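Visitor: I have a few questions about how the labels on this model are earned. Could you take me through them?

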Amino acid sequence: MTKLIAGNWKMNGSLAANEALLSALAGGLPTALSSAPCDVAVCIPAPYFAQFQALAATMPALAAVALGAQDVSGQSAGAFTGEVSAAMLKDFACRYAIVGHSERRQYHGETDALVAAKAQQALAVGITPIVCVGETLAEREAGTTTEVVKRQLAAVIHANGHCISEIVLAYEPVWAIGTGKTASPEEAQAVHAVLRAQLAAATEHASRVKIIYGGSMNAANAAILLAQPDIDGGLIGGASLKVADFLSIVSAAAA
Ligand code: PEP
C-alpha cells in the first residue's frame, strides 16, 4: 500500500518560518517522490491553515502535501470555548486530524472515550483521523503494552463501527516521542501486528488501514522501520521541522 508520511509540527511555527519551511519542502518533494508514490501530510497549528492554502495556490509542488490538524473537537458546534470543530477544519480543505496524541492525553487529560468522539467528528465530515495509541515507559516495563494499545483502539472501534476502516492508526510509544529513543523495528512491528489483528476482528478491510509508526523516526532509522510488513508510514515530530530530514524520510517511504 502507498505509505503515509505525516509531519506533526506541534506548537511550532510562525508566518515567516512556515513560508520558508513549506517552500523548501515544495522544492525538494518532486525529487523525493520520483521513485514511487507516497502520501505526504503536514499537521500544522490551525491558525496557519489559511497561510497554507495561500502558499499552496502559488507553489504547485505543495499539491502533493495534504493539510492536517493536530486535534479536533469531540463536539460538532456550540458553547465549547477554545475548541475547533471538524467542520471548521474542513472549510480549509483539511484532510487529516491527529486525535489522541499522547501529549493531549497526558497534558489535557483526554480519555479513550473523548479520543473516540474526536475520531467520530472527523470521520463525519470526511477528515481522516490519525488515531494515536501507545504505552508509557512504565506500562512497557510492566508488560502491559498490548493491553494498553488494544484498550485505546477498542474505544475508537466501539464508537466508529464499520467506519473504522477509514482511519489511519499511529502507534506511538510514549517513551519514544521526542526522546531520541526509537522502538526497534521488531518491537514496533510486533505491536503493529497486534493492532492489525484487532482491526481484522472489526472490519474485513483491515489490510487497507494504514498503521503508521511515530516516535523519534528520523532520516537514519526511517528505512528499516518502514521496511516492516505492518508499518505503513510514519508520524514525524521533531524531524518534520528539518526539511532535509523530512524529505529523506519521504524518500525512504517512496523507495
Ligand atoms: C510525535 O509527536 O508524534 C512524534 C512522533 O514526535 P518525535 O518524532 O519528535 O518523536
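Guide: Start with the ligand. This is a predicted model, and in it a backbone N or O atom of Gly238 lies 2.8 Å from an oxygen atom of the ligand.

Visitor: What makes the pair between Gly238 and the ligand a polar contact?

Guide: The limit for a pair of N or O atoms is 3.5 Å. Gly238 sits at 2.8 Å from a ligand oxygen, so the pair counts as a polar contact. Ser216 offers a polar backbone atom, also 2.8 Å from an oxygen atom of the ligand. Asn8 uses a polar side-chain atom, at 3.4 Å from a ligand oxygen.

Visitor: How much of the ligand's accessible area does the protein cover?

Guide: On its own the ligand has 290 Å² of accessible area, and the protein covers 96% of that. The space taken by the ligand is the second largest pocket.

Visitor: Which residues come nearest to the ligand?

Guide: There are 14 residues around the ligand, and Lys10, His101, Glu172, Gly178 and Ser216 come nearest. By class, the shell has four nonpolar, eight polar and two charged residues.

Visitor: Why is the pair of Arg104 and Asp71 called a salt bridge?

Guide: The cut-off is 4 Å from a side-chain nitrogen of Lys or Arg to a carboxyl oxygen of Asp or Glu. The Arg104 and Asp71 side chains meet at 3.4 Å, N to O, so the pair qualifies. Arg104 is in helix α4 and Asp71 in the loop between β3 and α3, so the salt bridge ties together parts 33 residues apart in sequence. The structure holds 13 salt bridges.

Visitor: What makes the phi of Lys10 worth a remark?

Guide: Most residues other than glycine have a negative phi. Lys10 is not a glycine, yet its phi is positive, about 55°. Lys10 lies in the loop between β1 and α1. Ala93 has a positive phi too, near 60°. The place of Ala93 is the loop between α3 and β4.

Notes:
Residues are numbered from 1 along each chain as its sequence is written. This is a predicted model: local features need pLDDT of at least 70, side-chain atom pairs count only at pLDDT 80 or more; totals for chains, interfaces and linings use all residues. Side-chain values use heavy atoms; hydrogens and water are left out. A residue is near a molecule or strand if one of its heavy atoms lies within 4 Å of it. A polar contact is a pair of N or O atoms within 3.5 Å; within protein, one must be able to donate a hydrogen and the other to accept it, and residues adjacent in sequence count only if both atoms are side-chain atoms. Accessible areas come from the Shrake-Rupley method with a 1.4 Å probe; for residues, only the protein chains shown count as cover. On a 1 Å grid over the protein atoms alone, a cavity is a set of points where a 1.4 Å probe fits but cannot get out, and a pocket is an open set with protein on both sides within 12 Å along at least five of seven lines; lining residues have an atom within 4 Å of a point. A molecule sits in a cavity or pocket if more than half of its atoms lie within 2 Å of its grid points. Ala, Val, Leu, Ile, Met, Phe, Trp, Tyr, Cys and Pro count as nonpolar, Asp, Glu, Lys and Arg as charged, and the others, Gly among them, as polar. Helices (H or I, at least four residues) and strands (E, at least two) are DSSP runs, numbered from the N terminus.
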